[in-house]
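Reader: Before I trust any label on this model, I'd like to see where it comes from. Put the structure up and let's go through the labels one at a time.

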Amino acid sequence: MTTSNARYPASEALWERAKRVIPAGTQTLSKGPDQFVFGATPMYLTSGQGSHVRDVDGNEYIDYPMALGPILLGYGYKSVVEAVVERMRKGTTFTLMHPLEVELAELLTEIIPCAEMVRFAKNGSDVTSAAVRVARGCTGRDHIAYSGYHGCQDWYAVTTPRNRGIPAATGELIHAFEYNRIETLTALFDEYPGQIAAVIMEVPGADPVINLGSRRNFLQDVAQLCKKHGALFILDEMVTGFRYSLGGAGELFDVVPDLACFGKGMGNGMAVSALVGKREFMSVLDEVFFSMTFPGTPRGLPLPRLLLRLLWLSLLSSTYGKRARGFTRGLGRGRRSGGLTWKSQGDHQGPGLLFVMITER
Ligand SMILES: Cc1ncc(COP(=O)(O)O)c(C=O)c1O
(Lines give C-alpha, C1' and ligand atoms only; values in the text may rest on other atoms or scores of the structure.)
Protein backbone atom coordinates (compact mmCIF):
# COMPACT_ATOMS: atom_id res chain seq x y z
CA MET A 1 0.00 0.00 0.00
CA THR A 2 1.51 3.33 -1.00
CA THR A 3 -0.95 6.03 0.09
CA SER A 4 1.08 9.01 1.26
CA ASN A 5 0.17 11.36 4.08
CA ALA A 6 0.90 15.08 4.26
CA ARG A 7 2.02 14.65 7.89
CA TYR A 8 4.99 12.47 6.93
CA PRO A 9 6.82 13.85 3.87
CA ALA A 10 10.29 13.45 5.42
CA SER A 11 9.51 9.93 6.65
CA GLU A 12 8.27 8.91 3.23
CA ALA A 13 11.27 10.46 1.44
CA LEU A 14 13.67 8.58 3.74
CA TRP A 15 11.82 5.33 3.15
CA GLU A 16 12.17 5.76 -0.62
CA ARG A 17 15.96 6.23 -0.15
CA ALA A 18 16.16 3.29 2.29
CA LYS A 19 14.54 0.86 -0.13
CA ARG A 20 17.36 1.55 -2.61
CA VAL A 21 20.28 0.91 -0.22
CA ILE A 22 18.96 -1.28 2.64
CA PRO A 23 17.67 -4.79 1.87
CA ALA A 24 14.17 -5.11 3.41
CA GLY A 25 14.50 -1.36 4.08
CA THR A 26 15.08 -1.81 7.79
CA GLN A 27 17.50 -3.35 10.31
CA THR A 28 14.64 -4.56 12.55
CA LEU A 29 11.68 -6.11 10.75
CA SER A 30 9.28 -5.17 13.58
CA LYS A 31 10.08 -1.48 12.97
CA GLY A 32 9.42 -1.60 9.23
CA PRO A 33 6.40 0.16 7.70
CA ASP A 34 4.73 -3.12 6.77
CA GLN A 35 4.13 -3.60 10.52
CA PHE A 36 1.94 -0.50 10.60
CA VAL A 37 -0.71 1.09 8.40
CA PHE A 38 1.31 2.64 5.59
CA GLY A 39 0.57 6.36 5.25
CA ALA A 40 -1.19 6.48 8.63
CA THR A 41 1.91 6.31 10.83
CA PRO A 42 5.37 7.91 10.83
CA MET A 43 8.37 5.76 9.85
CA TYR A 44 11.41 7.48 11.35
CA LEU A 45 11.76 8.78 14.89
CA THR A 46 14.60 11.13 15.78
CA SER A 47 14.39 11.84 19.52
CA GLY A 48 12.59 11.00 22.72
CA GLN A 49 12.05 12.41 26.18
CA GLY A 50 10.25 10.42 28.85
CA SER A 51 7.44 8.60 27.06
CA HIS A 52 7.24 11.10 24.19
CA VAL A 53 9.02 10.78 20.84
CA ARG A 54 9.38 13.10 17.86
CA ASP A 55 9.41 11.94 14.25
CA VAL A 56 11.57 13.23 11.44
CA ASP A 57 8.71 15.53 10.37
CA GLY A 58 8.51 17.17 13.81
CA ASN A 59 5.29 15.42 14.96
CA GLU A 60 5.15 14.31 18.60
CA TYR A 61 3.71 11.04 19.94
CA ILE A 62 3.49 8.89 23.05
CA ASP A 63 5.57 5.77 22.38
CA TYR A 64 3.64 2.92 24.01
CA PRO A 65 5.86 0.02 22.86
CA MET A 66 8.90 1.97 24.14
CA ALA A 67 11.33 0.87 21.41
CA LEU A 68 9.86 -2.68 21.34
CA GLY A 69 10.50 -3.14 25.05
CA PRO A 70 13.92 -1.80 26.06
CA ILE A 71 13.03 1.66 27.36
CA LEU A 72 11.79 0.84 30.84
CA LEU A 73 12.72 4.15 32.44
CA GLY A 74 11.80 6.43 29.54
CA TYR A 75 13.89 8.26 26.95
CA GLY A 76 16.62 10.63 28.09
CA TYR A 77 16.42 9.45 31.72
CA LYS A 78 18.83 11.77 33.50
CA SER A 79 20.94 9.32 35.48
CA VAL A 80 21.08 6.92 32.51
CA VAL A 81 22.33 9.70 30.24
CA GLU A 82 24.92 10.70 32.84
CA ALA A 83 26.13 7.10 33.19
CA VAL A 84 26.50 6.77 29.42
CA VAL A 85 28.35 10.07 29.07
CA GLU A 86 30.69 9.20 31.94
CA ARG A 87 31.42 5.86 30.32
CA MET A 88 32.14 7.48 26.94
CA ARG A 89 34.69 9.72 28.65
CA LYS A 90 36.41 6.89 30.52
CA GLY A 91 36.46 4.45 27.61
CA THR A 92 33.86 2.17 26.11
CA THR A 93 35.88 -0.99 25.56
CA PHE A 94 39.37 -2.19 26.44
CA THR A 95 41.97 -4.83 25.62
CA LEU A 96 41.33 -6.59 28.94
CA MET A 97 38.24 -7.38 31.03
CA HIS A 98 36.43 -4.75 33.11
CA PRO A 99 35.41 -5.03 36.80
CA LEU A 100 31.76 -4.29 35.89
CA GLU A 101 31.52 -7.76 34.34
CA VAL A 102 32.03 -9.26 37.77
CA GLU A 103 29.93 -6.71 39.66
CA LEU A 104 26.91 -7.00 37.37
CA ALA A 105 27.12 -10.80 37.26
CA GLU A 106 27.10 -10.85 41.08
CA LEU A 107 24.12 -8.48 41.17
CA LEU A 108 22.11 -10.67 38.78
CA THR A 109 22.80 -13.75 40.89
CA GLU A 110 21.19 -11.90 43.80
CA ILE A 111 18.12 -10.83 41.84
CA ILE A 112 17.24 -13.72 39.51
CA PRO A 113 16.32 -16.95 41.31
CA CYS A 114 17.89 -19.38 38.78
CA ALA A 115 21.05 -17.30 38.26
CA GLU A 116 24.07 -18.94 39.83
CA MET A 117 26.32 -17.95 36.93
CA VAL A 118 26.04 -15.28 34.22
CA ARG A 119 27.40 -14.55 30.73
CA PHE A 120 26.74 -11.30 28.87
CA ALA A 121 26.06 -10.55 25.21
CA LYS A 122 24.45 -7.78 23.15
CA ASN A 123 21.18 -9.10 21.70
CA GLY A 124 18.48 -11.46 22.79
CA SER A 125 19.28 -13.76 19.89
CA ASP A 126 22.87 -14.10 21.17
CA VAL A 127 21.77 -15.51 24.49
CA THR A 128 18.85 -17.68 23.36
CA SER A 129 21.26 -19.31 20.87
CA ALA A 130 23.89 -19.73 23.58
CA ALA A 131 21.28 -21.31 25.86
CA VAL A 132 20.34 -23.83 23.19
CA ARG A 133 24.02 -24.61 22.58
CA VAL A 134 24.60 -25.08 26.31
CA ALA A 135 21.62 -27.45 26.50
CA ARG A 136 22.89 -29.46 23.55
CA GLY A 137 26.39 -29.45 25.05
CA CYS A 138 25.11 -30.67 28.43
CA THR A 139 22.79 -33.38 27.18
CA GLY A 140 24.48 -34.58 24.00
CA ARG A 141 21.02 -34.33 22.36
CA ASP A 142 20.05 -32.21 19.33
CA HIS A 143 16.27 -31.68 19.39
CA ILE A 144 14.62 -28.55 20.82
CA ALA A 145 10.98 -27.97 21.82
CA TYR A 146 9.87 -24.35 21.65
CA SER A 147 6.96 -22.03 22.20
CA GLY A 148 7.04 -18.33 21.26
CA TYR A 149 9.66 -16.19 19.50
CA HIS A 150 13.37 -16.56 20.20
CA GLY A 151 15.39 -14.52 17.69
CA CYS A 152 17.03 -14.57 14.28
CA GLN A 153 19.66 -17.33 14.56
CA ASP A 154 19.44 -20.43 12.35
CA TRP A 155 18.22 -22.86 15.01
CA TYR A 156 15.06 -20.75 15.51
CA ALA A 157 14.73 -18.69 12.30
CA VAL A 158 14.23 -21.93 10.38
CA THR A 159 10.71 -22.05 11.87
CA THR A 160 9.76 -18.68 10.33
CA PRO A 161 8.65 -17.87 6.77
CA ARG A 162 12.03 -16.10 6.30
CA ASN A 163 14.03 -19.31 6.37
CA ARG A 164 15.88 -18.99 3.07
CA GLY A 165 19.60 -19.67 3.49
CA ILE A 166 19.15 -21.99 6.47
CA PRO A 167 19.93 -25.70 5.88
CA ALA A 168 16.66 -27.64 5.84
CA ALA A 169 18.16 -30.20 8.24
CA THR A 170 18.12 -27.52 10.97
CA GLY A 171 14.32 -27.51 10.79
CA GLU A 172 14.18 -31.21 11.61
CA LEU A 173 15.59 -30.51 15.06
CA ILE A 174 13.06 -27.97 16.35
CA HIS A 175 9.44 -28.66 17.31
CA ALA A 176 6.64 -26.34 18.40
CA PHE A 177 4.36 -26.82 21.38
CA GLU A 178 1.52 -24.59 22.55
CA TYR A 179 1.62 -22.29 25.54
CA ASN A 180 -0.75 -23.39 28.33
CA ARG A 181 -1.40 -26.75 26.64
CA ILE A 182 0.90 -29.17 28.44
CA GLU A 183 -0.38 -32.12 26.39
CA THR A 184 1.32 -30.64 23.28
CA LEU A 185 4.70 -30.77 25.05
CA THR A 186 4.05 -34.23 26.46
CA ALA A 187 3.35 -35.37 22.88
CA LEU A 188 6.77 -34.07 21.75
CA PHE A 189 8.58 -35.92 24.54
CA ASP A 190 6.67 -39.07 23.47
CA GLU A 191 7.57 -38.55 19.80
CA TYR A 192 11.29 -37.88 20.45
CA PRO A 193 12.14 -40.02 23.48
CA GLY A 194 15.58 -39.24 24.95
CA GLN A 195 16.29 -36.79 22.11
CA ILE A 196 15.09 -33.40 23.36
CA ALA A 197 17.94 -31.31 24.74
CA ALA A 198 15.84 -28.36 25.89
CA VAL A 199 12.44 -26.78 26.12
CA ILE A 200 12.61 -23.05 25.45
CA MET A 201 9.61 -20.78 25.93
CA GLU A 202 8.49 -17.28 26.74
CA VAL A 203 5.46 -16.15 28.74
CA PRO A 204 3.40 -14.49 26.01
CA GLY A 205 1.13 -12.19 27.97
CA ALA A 206 -1.48 -14.57 29.36
CA ASP A 207 -0.74 -15.99 32.81
CA PRO A 208 0.22 -19.67 32.96
CA VAL A 209 -2.89 -21.75 33.68
CA ILE A 210 -3.15 -23.74 36.87
CA ASN A 211 -3.36 -27.49 36.45
CA LEU A 212 -6.42 -28.37 38.53
CA GLY A 213 -5.14 -31.86 39.29
CA SER A 214 -1.65 -30.99 40.47
CA ARG A 215 -2.27 -27.31 41.49
CA ARG A 216 0.91 -26.45 39.59
CA ASN A 217 0.90 -23.70 36.98
CA PHE A 218 1.90 -24.34 33.36
CA LEU A 219 5.52 -23.21 33.86
CA GLN A 220 5.91 -25.51 36.85
CA ASP A 221 4.42 -28.36 34.81
CA VAL A 222 6.92 -27.66 32.01
CA ALA A 223 9.80 -27.67 34.52
CA GLN A 224 8.65 -30.98 35.91
CA LEU A 225 8.27 -32.55 32.49
CA CYS A 226 11.79 -31.39 31.54
CA LYS A 227 13.21 -32.91 34.69
CA LYS A 228 11.42 -36.21 34.05
CA HIS A 229 12.83 -36.42 30.51
CA GLY A 230 16.34 -35.11 31.24
CA ALA A 231 15.89 -31.94 29.13
CA LEU A 232 16.88 -28.43 30.21
CA PHE A 233 14.16 -25.85 30.83
CA ILE A 234 15.10 -22.48 29.28
CA LEU A 235 12.89 -19.50 30.11
CA ASP A 236 13.20 -16.70 27.56
CA GLU A 237 12.69 -13.55 29.67
CA MET A 238 13.44 -11.07 26.91
CA VAL A 239 10.09 -9.34 27.26
CA THR A 240 9.20 -10.32 30.83
CA GLY A 241 12.62 -9.81 32.47
CA PHE A 242 12.74 -6.88 34.93
CA ARG A 243 9.17 -6.15 33.87
CA TYR A 244 6.94 -8.78 35.44
CA SER A 245 9.15 -8.60 38.48
CA LEU A 246 12.84 -7.87 38.96
CA GLY A 247 13.56 -11.60 38.75
CA GLY A 248 11.30 -11.93 35.70
CA ALA A 249 8.33 -14.18 34.97
CA GLY A 250 10.21 -17.06 36.63
CA GLU A 251 10.13 -15.25 39.96
CA LEU A 252 6.54 -14.05 39.56
CA PHE A 253 5.18 -17.49 38.68
CA ASP A 254 7.38 -19.33 41.12
CA VAL A 255 9.41 -21.51 38.80
CA VAL A 256 13.19 -21.92 38.66
CA PRO A 257 14.30 -22.75 35.11
CA ASP A 258 17.69 -24.31 34.39
CA LEU A 259 18.69 -21.36 32.18
CA ALA A 260 17.10 -17.98 31.52
CA CYS A 261 17.70 -15.35 28.85
CA PHE A 262 17.45 -11.62 29.57
CA GLY A 263 17.89 -8.65 27.22
CA LYS A 264 15.74 -5.81 25.92
CA GLY A 265 14.81 -4.08 29.19
CA MET A 266 18.26 -4.59 30.73
CA GLY A 267 19.97 -1.43 29.57
CA ASN A 268 17.25 1.18 28.96
CA GLY A 269 18.22 1.20 25.29
CA MET A 270 21.89 0.14 25.48
CA ALA A 271 22.48 -3.22 23.79
CA VAL A 272 23.14 -5.72 26.56
CA SER A 273 21.76 -9.18 27.25
CA ALA A 274 22.50 -11.98 29.68
CA LEU A 275 22.37 -15.74 29.80
CA VAL A 276 21.95 -16.85 33.40
CA GLY A 277 21.42 -20.23 34.98
CA LYS A 278 22.32 -23.02 37.28
CA ARG A 279 26.02 -23.63 37.80
CA GLU A 280 25.91 -27.28 36.71
CA PHE A 281 24.71 -26.22 33.24
CA MET A 282 26.40 -22.83 32.86
CA SER A 283 29.77 -24.43 33.62
CA VAL A 284 29.69 -26.16 30.26
CA LEU A 285 30.52 -22.72 28.81
CA ASP A 286 34.08 -23.51 29.92
CA GLU A 287 34.08 -25.73 26.84
CA VAL A 288 31.24 -24.44 24.63
CA PHE A 289 32.35 -21.72 22.21
CA PHE A 290 30.59 -18.46 23.09
CA SER A 291 32.85 -15.45 22.69
CA MET A 292 32.51 -12.09 20.94
CA THR A 293 34.25 -8.71 20.94
CA PHE A 294 31.63 -6.64 22.74
CA PRO A 295 29.74 -8.55 25.46
CA GLY A 296 31.98 -7.58 28.36
CA THR A 297 32.53 -3.99 27.37
CA PRO A 298 31.70 -1.44 30.05
CA ARG A 299 29.71 0.55 27.48
CA GLY A 300 26.42 -1.20 28.28
CA LEU A 301 27.13 -2.79 31.64
CA PRO A 302 26.67 0.22 33.96
CA LEU A 303 23.12 0.59 32.70
CA PRO A 304 21.64 -2.65 34.04
CA ARG A 305 23.19 -1.91 37.41
CA LEU A 306 21.67 1.54 37.49
CA LEU A 307 18.38 0.38 36.01
CA LEU A 308 17.97 -2.43 38.51
CA ARG A 309 18.56 -0.04 41.38
CA LEU A 310 15.99 2.41 40.03
CA LEU A 311 13.43 -0.30 39.26
CA TRP A 312 13.89 -1.75 42.70
CA LEU A 313 13.20 1.64 44.26
CA SER A 314 10.17 2.13 42.00
CA LEU A 315 8.85 -1.27 42.92
CA LEU A 316 9.28 -0.46 46.57
CA SER A 317 7.24 2.69 46.13
CA SER A 318 4.96 0.78 43.70
CA THR A 319 5.12 3.73 41.29
CA TYR A 320 5.05 1.58 38.18
CA GLY A 321 2.20 -0.62 39.35
CA LYS A 322 0.08 2.43 40.23
CA ARG A 323 0.74 4.11 36.88
CA ALA A 324 0.03 0.92 34.95
CA ARG A 325 -3.28 0.44 36.75
CA GLY A 326 -4.23 4.10 36.20
CA PHE A 327 -3.39 3.75 32.52
CA THR A 328 -5.50 0.62 32.17
CA ARG A 329 -8.45 2.32 33.86
CA GLY A 330 -8.06 5.29 31.48
CA LEU A 331 -8.09 2.97 28.50
CA GLY A 332 -11.24 1.36 29.81
CA ARG A 333 -12.92 4.77 29.98
CA GLY A 334 -11.67 5.57 26.45
CA ARG A 335 -13.13 2.36 25.17
CA ARG A 336 -16.52 3.12 26.63
CA SER A 337 -16.69 6.76 25.56
CA GLY A 338 -14.74 6.69 22.28
CA GLY A 339 -16.03 3.53 20.67
CA LEU A 340 -12.53 1.99 20.60
CA THR A 341 -11.77 -1.65 20.88
CA TRP A 342 -8.54 -2.51 22.62
CA LYS A 343 -6.72 -5.50 23.85
CA SER A 344 -4.07 -5.40 26.50
CA GLN A 345 -1.52 -8.17 26.36
CA GLY A 346 0.26 -9.07 29.49
CA ASP A 347 0.23 -8.28 33.06
CA HIS A 348 -0.24 -5.14 35.01
CA GLN A 349 1.96 -6.15 37.88
CA GLY A 350 5.67 -5.55 38.31
CA PRO A 351 7.49 -2.64 36.73
CA GLY A 352 5.08 -2.14 33.87
CA LEU A 353 2.53 -3.02 31.30
CA LEU A 354 3.68 -5.25 28.52
CA PHE A 355 2.09 -3.98 25.34
CA VAL A 356 -1.23 -2.44 24.69
CA MET A 357 -2.64 -2.59 21.22
CA ILE A 358 -5.43 -0.25 20.24
CA THR A 359 -7.46 -0.90 17.15
CA GLU A 360 -10.22 1.21 15.73
CA ARG A 361 -13.50 -0.47 15.25
C1 LIG B 1 10.91 -13.40 23.60
C2 LIG B 1 12.03 -12.93 22.72
N3 LIG B 1 13.14 -13.68 22.62
C4 LIG B 1 14.18 -13.30 21.85
C5 LIG B 1 14.14 -12.13 21.13
C6 LIG B 1 15.31 -11.75 20.28
O7 LIG B 1 15.94 -10.64 20.83
P8 LIG B 1 16.83 -9.67 19.88
O9 LIG B 1 15.91 -9.07 18.89
O10 LIG B 1 17.41 -8.67 20.84
O11 LIG B 1 17.90 -10.51 19.25
C12 LIG B 1 13.01 -11.31 21.21
C13 LIG B 1 12.92 -10.06 20.44
O14 LIG B 1 11.90 -9.51 20.18
C15 LIG B 1 11.92 -11.71 22.02
O16 LIG B 1 10.81 -10.98 22.14
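Author: Let's start with burial: a residue is buried if 20 or more other C-beta atoms lie within 10 Å of its own, exposed if 12 or fewer, and partly exposed in between, with C-beta atoms placed from the backbone. Two ground rules: this is a predicted model, in which local features need pLDDT of at least 70 and side-chain atom pairs count only at pLDDT 80 or more, while totals for chains, interfaces and linings use all residues. Numbering runs from 1 along each chain as its sequence is written.

Reader: Then why is phenylalanine 242 called buried?

Author: It has 25 C-beta neighbours inside 10 Å, so it counts as buried. Its phi is near 65°, a positive value in a residue other than glycine. You'll find phenylalanine 242 in the loop between β8 (232-236) and α9 (248-252). Helices (H or I, at least four residues) and strands (E, at least two) are DSSP runs, numbered from the N terminus.

Reader: And what burial class does asparagine 180 get, and why?

Author: Partly exposed, because 16 C-beta neighbours inside 10 Å fall in the middle range. Asparagine 180 sits in the loop between β6 (174-176) and α7, and its phi, near 70°, is positive in a non-glycine residue.

Reader: What makes tyrosine 156 buried?

Author: Tyrosine 156 has 23 other C-beta atoms within 10 Å, so it passes the cut-off of 20. It belongs to helix α5 (residues 154-157). Leaving out residues up to four places away in sequence, tyrosine 156 touches Thr128, His150, Gly151 and Ile174; contact means C-beta atoms, placed from the backbone, within 7 Å.

Reader: Which residues are closest to the ligand?

Author: Asn123, Gly124, Ser125, Gly151 and Met238, out of 13 residues that surround it. A residue is in that shell if its backbone-placed C-beta lies within 6 Å of the molecule. Helix α4 (residues 124-139) gives the most, three residues. By class, the shell has three nonpolar, eight polar and two charged residues (Ala, Val, Leu, Ile, Met, Phe, Trp, Tyr, Cys and Pro are nonpolar, Asp, Glu, Lys and Arg charged, the others, Gly among them, polar).

Reader: How do you know that α7 and α8 are roughly parallel?

Author: Helix α7 (residues 182-191) and helix α8 (residues 218-229) pack at about 10°, and angles under 35 degrees count as roughly parallel, so the label fits (over 145 is roughly antiparallel, 65 to 115 roughly perpendicular, the rest oblique). Their axes are 10 Å apart. On the α7 side the contact includes Ile182 and Phe189, and on the α8 side Phe218 and Leu225 are among the partners. Six nonpolar, two polar and one charged residues make up this contact.

Reader: What makes something a nonpolar core here?

Author: It's a set of buried Ala, Val, Leu, Ile, Met, Phe, Trp, Tyr and Cys residues joined through C-beta atoms within 7 Å. The largest one has 74 residues, and Val276 is one of those touching the most other members. Helix α4 supplies the largest share, seven residues. Among the contacts of valine 276, sequence neighbours within four places aside, are Leu108, Val118 and Phe262.

How values were computed:
Axes fitted to C-alpha atoms, helices over the stretch in contact; angles between N-to-C directions. Contact = placed C-beta atoms within 7 Å.
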